[in-house]
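Let's take a friendly walk through a protein chain together. Keep the sequence and the 3D view open, and find each residue as we come to it.

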Amino acid sequence: IDDAKAQLEDQEDGEFDVIIGDLADPVFGGPCYQLYTQEFYENIVKAKLAPGGIFVTQSGPAGVLAHTEVFTPINRTLASVFPK
């Protein structure tokens, strides 16, 4: 186990066909919070993906009520960086 952000930053741009984010919940100030930000998706993930590459991540905890607190904001953030 290592620092995912640091590992990605050390790689060449366009290096990955697939990046999978299996992260802890995006609790503000928590250890993975920075891995759910627009800056991370734009400056790290998108840059490190090869053309046509795929990024997959979880969108927070499961549950009927969690979608407004976690899933929806993450989905909107991802859509702003990876539009259809």
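Leucine 78 is part of helix H3. Is leucine 78 buried or exposed? With a relative accessible area of 17%, leucine 78 is buried, because the cut-off for buried is under 20%. Keep in mind that you are looking at a predicted model. Leaving out neighbours within four places in sequence, leucine 78 is in contact with Tyr41, Phe55 and Thr57. Take the partner Tyr41: leucine 78 and tyrosine 41 are 37 residues apart in sequence, and their C-alpha atoms are 7.2 Å apart in space.

Now zoom out to the whole chain. There are 3 helices and 2 strands, and from the N terminus on they follow the order α-β-α-β-α. The chain has 84 residues, and 31% of them are buried. Among contacts with a separation of 6 or more, 71% join residues 24 or more positions apart. The chain also exposes about 5,700 Å² to its surroundings, with carbon and sulfur atoms supplying 55% of that area.

Next, turn to helix H2, which covers residues 38-48. Which residues of H2 are buried? They are Phe40, Tyr41, Ile44, Val45 and Lys48. If you look down the axis of H2, these buried residues fall within an arc of 120°, so they line one face of the helix. Glu39 and Asn43, on the other side of H2, are exposed.

Alanine 47 belongs to helix H2 too. Its relative accessibility is 26%, so alanine 47 counts as partly exposed; the range for that class lies between the 20% and 50% cut-offs. Not counting residues up to four places away in sequence, alanine 47 touches Asp13, Gly14 and Glu42. You can also compare alanine 47 with phenylalanine 16: they are 31 residues apart along the chain, and 9.5 Å separates their C-alpha atoms.

Let's look at the nonpolar interior. In soluble globular proteins, nonpolar side chains tend to be buried together. Here the largest nonpolar core has 16 residues, and the members that touch the most others are Ile19, Tyr36, Phe40, Tyr41, Val45, Phe55 and Ile74. Which elements give two or more residues to this core? They are H2, S2 and helix H3, which spans residues 66-81.

One of those well-connected members, phenylalanine 55, is a good place to pause. Apart from neighbours within four places in sequence, phenylalanine 55 is in contact with Ile19, Gly21, Tyr41, Val45, Leu49, Leu78 and Phe82. You have met Leu78 already, as the residue in helix H3.

Some of these residues carry aromatic rings. A pair of aromatic rings is described by the distance of the centres and the angle of the planes. How many aromatic pairs does a search of the whole structure find? The search finds 3. In one aromatic pair, phenylalanine 40 and tyrosine 41 are tilted, 6.1 Å centre to centre and with 55° between the planes. Both phenylalanine 40 and tyrosine 41 are buried. Ring pairs also link Phe40, Tyr41, Phe55 and Phe82 into a cluster.

Now follow strand S2, residues 49-57, to threonine 57. Threonine 57 is buried, with a relative accessible area of 18%. A polar atom of the threonine 57 side chain lies 3.2 Å from the backbone oxygen of glycine 21. When neighbours within four places in sequence are set aside, threonine 57 is in contact with Gly21, Leu23, Tyr41 and Leu78.

Strand S2 also holds proline 51. Is proline 51 buried or exposed? Proline 51 is exposed, with a relative accessible area of 82%. The C-alpha atoms of proline 51 and glutamate 15 are 9.5 Å apart, while along the chain 36 residues separate the two.

Our last stop is aspartate 22, in the loop between strand S1 (16-21) and H2. Aspartate 22 has a relative accessible area of 68% and is exposed, because the cut-off for exposed is over 50%. Aspartate 22 and valine 56 are 34 residues apart in sequence, and 8.5 Å lies between their C-alpha atoms.

Methods
Residues numbered from 1 in each chain as written. Predicted model: local features only at pLDDT ≥ 70, side-chain atom pairs only at ≥ 80, totals over all residues. Heavy atoms only, no water. Helix = DSSP H or I, 4+ residues; strand = E, 2+ residues; numbered from the N terminus. Buried < 20%, exposed > 50% of the residue type's maximum accessible area, 1.4 Å probe, protein only. Contact = heavy atoms within 4.5 Å. Areas by Shrake-Rupley, 256 points an atom, 1.4 Å probe, with all protein chains shown as cover. Arc of directions from axis to C-beta. Polar contact = N/O pair within 3.5 Å; in protein donor to acceptor, adjacent residues only side chain to side chain. Core = buried A, V, L, I, M, F, W, Y, C linked by side-chain atoms within 4.5 Å. Phe/Tyr/Trp six-rings, centres within 6.5 Å; stacked < 30°, edge-to-face > 60°.
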